[in-house]
Every structure is written in structure tokens, then in C-alpha cells.
Amino acid sequence: MNGLIGKKLGMTQIFDAEGRRVAVTVIAAGPCVVVQRKTQASDGYDAVQLGYGTQKASRMTKAEIGVCTKAGVEPQRVLREFSCSSTDEVAVGALVTASVFDGVKYVDVIGTTKGRGFAGVMKKHDMGGGRMTHGGHSKRRVGSIGQCSYPARVAKGQRMPGHMGNVRVTQQSLKLLDVRGAENLLLVQGAVPGANGGLVIVKKALKKAGAA
Amino acid sequence: MVSEIVQKIGNECMKSDVPAFAVGDTLDVHVKIREGEKERVQLYSGVVIARDGGGGTESFTVRRVSHGVGVERVFPVHSPYIDKIVVLRSAFVRRAKLYYQRQLTGKKARLKEKILTKKA
């Protein structure tokens, strides 16, 4: 099992072993319930489907209800798949707690960033903008977006204003400072995408597999 | 609003032996300093010009004038690097942040001392 579904609770600070002040994000990870076990034989790959939180059956699709009933668990609010090795013995209906991260040093956290609406280029792409005084005519505007008769078109990928935020973002290799299995809490160093209370997926760090 | 769980985790580092001190007080802050393997205590004294935040994340700013140069240090109240805090004097101040002290020197920078009457 390489991850869990959780909720971002908020940020605070703690003092580490050396007495330094560290900003941490508190994540309530799990407890998740195993809803489905996908195997090489039946599905062509190995994975575990986890459920998190309960939900009224009337708010779910029939397919989702079917999966939950087959597993013999309450209707789950969030269903997500996590890869696992074929040798992992995971019983359907079993509870997975934050203690799966015991001994793990780094994690990847996936979340949905806060939506910023239709944002200008200064906010969205960190452009400089024009001058505010002395007759500046492009105060917070894009300015030039290309040349004239050659190439007579705007280059592909030209950064322009538009919707910002509300996208799925993975923050990789964040230090996992503390795992509190009993309370299902994870303390991750630094910031994590999304608003407080937002859904996050925590996985063992992909690029720190050796360090874990 | 801060979640109760988050607040609890932030408050875990709180020390019980921090004396009550306020903005305007003159303090001796005994700071632990690690030099290689050895650890020693250094004294930093000055006037508290601000207290920020609350709970386990609270910090305070101590200002002193050292060799004619103003120096300010910000300490977390519950920092493990602080050995102890000794309150030397208190003063009558009328605001929560004494940033105006940065513009003042000499006699103008004095604070009106509060004479503490001992309770019986």
C-alpha cells in the first residue's frame, strides 16, 4: 500500500529535534477502508481501492453503491485507487490507518489548489506589468504578445490572462515529520495544495523511494 | 478559523515556566548557543517592543541599542533555545507595538518606569 486519502486540516508550527521552528501542515489521513482489491489475474494490474468518509447512498451512483455493497462497507464518499505489489495481503473491508506511513520520511501530497477565478497576467504568470505613472498605458496588462507582419500570428503557448487555480497539483518529496497512528494525523513540513478542509491524497514519495 | 486539532498540535511545545511579561518590559533573555559540540548560555537584554501571535506559536521582539546601533531579535516565546527569561523593569506604555522606538534615540527613547508595589 503506498498511500491514503485524507483532509488538510491547517498549518501551524512545531520545534524539531534541533530546536528549529518548522512550519507544518496537519493532515487527517484516513482511516480508509479497503473497498476493492484489483489483481493481475482479474484486472491486469495490482491495486487497492480505498474509501474515505461516509456518504448518503442517495448521493452516489449505482456503480459506486454496488462496489461498496459488494465489499460489505458503508457507502464511501471518496473512492481512490492506490497501486500496490502483488504480494500485498489486503483484505477487502479492512481498515487502513495513518500508521502505513510509519518509518516513511518523505511523501507526495496531491490536492486541488485554491481557485483564483479569472486572473490577470501579473498574478497568474508573475509578469511585471507596465508602468503605473508617466502615462503608462498597460498598467497591469500583458503588453506586447508578438511581432507584426512576420510571423503575423501569436506564438503558441503565449501566456495570457485566464482562469487560475482549482487544478490538481502534486507537491513532491515533502518531509514527513510525524505520524500519529492513533489519531490518524500526519505532520508534513511546509505547505500543501488546497484550502483547509480540502481533500488530499498522500503517497509515499516517488522520488525518495531509496530514502524511505 | 484554525482547527482545534491544529491548535492543539501548535500548543504542544508550550513551556509552563515562561514568566508573565508585557510590551515595554526590559528583559534578560538567556539564550542557549551551540558552538560545535559545546552549549553555552548568552545573555541578550533589551526592551520588548512587540508580542505577536498566541499559544505555542507566539513570539516577541526585543530591541536594544548596542554600540550605537539598534538591534532587534525576535524569539519564539516557547523556543527550546531560551534557557530562561528574567523581567528586570516594567514601563508604562500606551500601545501594543513600540515600533516608534526605532525613530528615537537618547533621552527621547526613555520609557516611563512602572514602580511595582509589592503585594502583601
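This is a short exchange about salt bridges, pockets and a surface patch in a predicted model.

Biologist: Why is the contact between A:K38 and A:E81 called a salt bridge?

Modeller: The closest N and O atoms are 2.9 Å apart. The cut-off is 4 Å, from a Lys or Arg side-chain nitrogen to an Asp or Glu carboxyl oxygen. The pair therefore counts as a salt bridge.

Biologist: What parts of the chain does this pair link?

Modeller: A:K38 sits in strand 3 (residues 32-38) of chain A, and A:E81 in strand 5 of chain A. They are 43 residues apart, so the pair links distant parts of the chain by the definition of its elements.

Biologist: Why is A:K38 called buried?

Modeller: Its relative accessible area is 14%. Buried means under 20%, so A:K38 qualifies.

Biologist: And what makes A:E81 partly exposed?

Modeller: A:E81 has 32% relative accessibility. That lies between the 20% and 50% limits, so "partly exposed" is the right label.

Biologist: How do you know that A:E183 and B:K8 form a salt bridge?

Modeller: Their closest N and O atoms are 3.8 Å apart. The rule asks for within 4 Å, so the pair is counted. This one crosses between chains. A:E183 is in the loop between strand 10 (168-180) and strand 11 (185-189) of chain A. B:K8 is in helix 1 (residues 4-11) of chain B.

Biologist: Why is B:K8 called exposed, and A:E183 partly exposed?

Modeller: B:K8 has 53% relative accessibility. Exposed means over 50%, so B:K8 is exposed. A:E183 has a relative accessible area of 42%. That falls between 20% and 50%, so A:E183 is partly exposed.

Biologist: What makes B:R63 and B:E72 a salt bridge?

Modeller: The N to O distance is 3.1 Å. The limit is 4 Å, so the side chains of B:R63 and B:E72 meet the rule. B:R63 is buried because its relative accessible area is 14%, under the 20% limit. B:E72 has 30%, so it is partly exposed. Elsewhere, salt bridges that share partners join A:D16, A:E18 and A:R20 into one network.

Biologist: How many salt bridges does the rule give over all chains?

Modeller: The count comes to 13.

Biologist: What makes A:I145 eligible for a nonpolar patch?

Modeller: A:I145 has 32% relative accessibility. Patch residues need over 30%, and Ile is on the nonpolar list, so A:I145 passes both tests. The patch also holds A:V154 and A:M160, with about 210 Å² of accessible area together. A:I145 lies in the loop between helix 3 (121-124) and strand 9 (162-164) of chain A.

Biologist: What lines the largest pocket?

Modeller: The largest pocket has a volume of about 400 Å³. There are 20 lining residues, and B:T26, B:V47, B:R89, B:A109 and B:L111 lie nearest its centre. Strand 2 of chain B gives the largest share of the lining, four residues. By class, the lining has seven nonpolar, seven polar and six charged residues.

Biologist: Why is A:K7 counted in the lining of the second largest pocket?

Modeller: Lining residues have an atom within 4 Å of a pocket point; A:K7 is listed among them, so it meets that test. This pocket holds about 170 Å³ of space. Strand 4 of chain A gives the most to its lining, with three residues. The lining divides into three nonpolar, five polar and two charged residues.

How values were computed:
Residues numbered from 1 in each chain as written. Chains lettered and ligands numbered in written order. Predicted model: local features only at pLDDT ≥ 70, side-chain atom pairs only at ≥ 80, totals over all residues. Heavy atoms only, no water. Patch = residues over 30% accessible without salt bridge, like charges linked within 9 Å, V, L, I, M, F, W, Y side chains within 5 Å. Areas by Shrake-Rupley, 256 points an atom, 1.4 Å probe, with all protein chains shown as cover. Helix = DSSP H or I, 4+ residues; strand = E, 2+ residues; numbered from the N terminus. Buried < 20%, exposed > 50% of the residue type's maximum accessible area, 1.4 Å probe, protein only. 1 Å grid on protein atoms, 1.4 Å probe; cavity = no way out; pocket = protein on both sides within 12 Å on 5 of 7 lines; lining within 4 Å. Points joined across faces, edges and corners; volume = space filled by probe spheres on them. Nonpolar A, V, L, I, M, F, W, Y, C, P; charged D, E, K, R; others polar.
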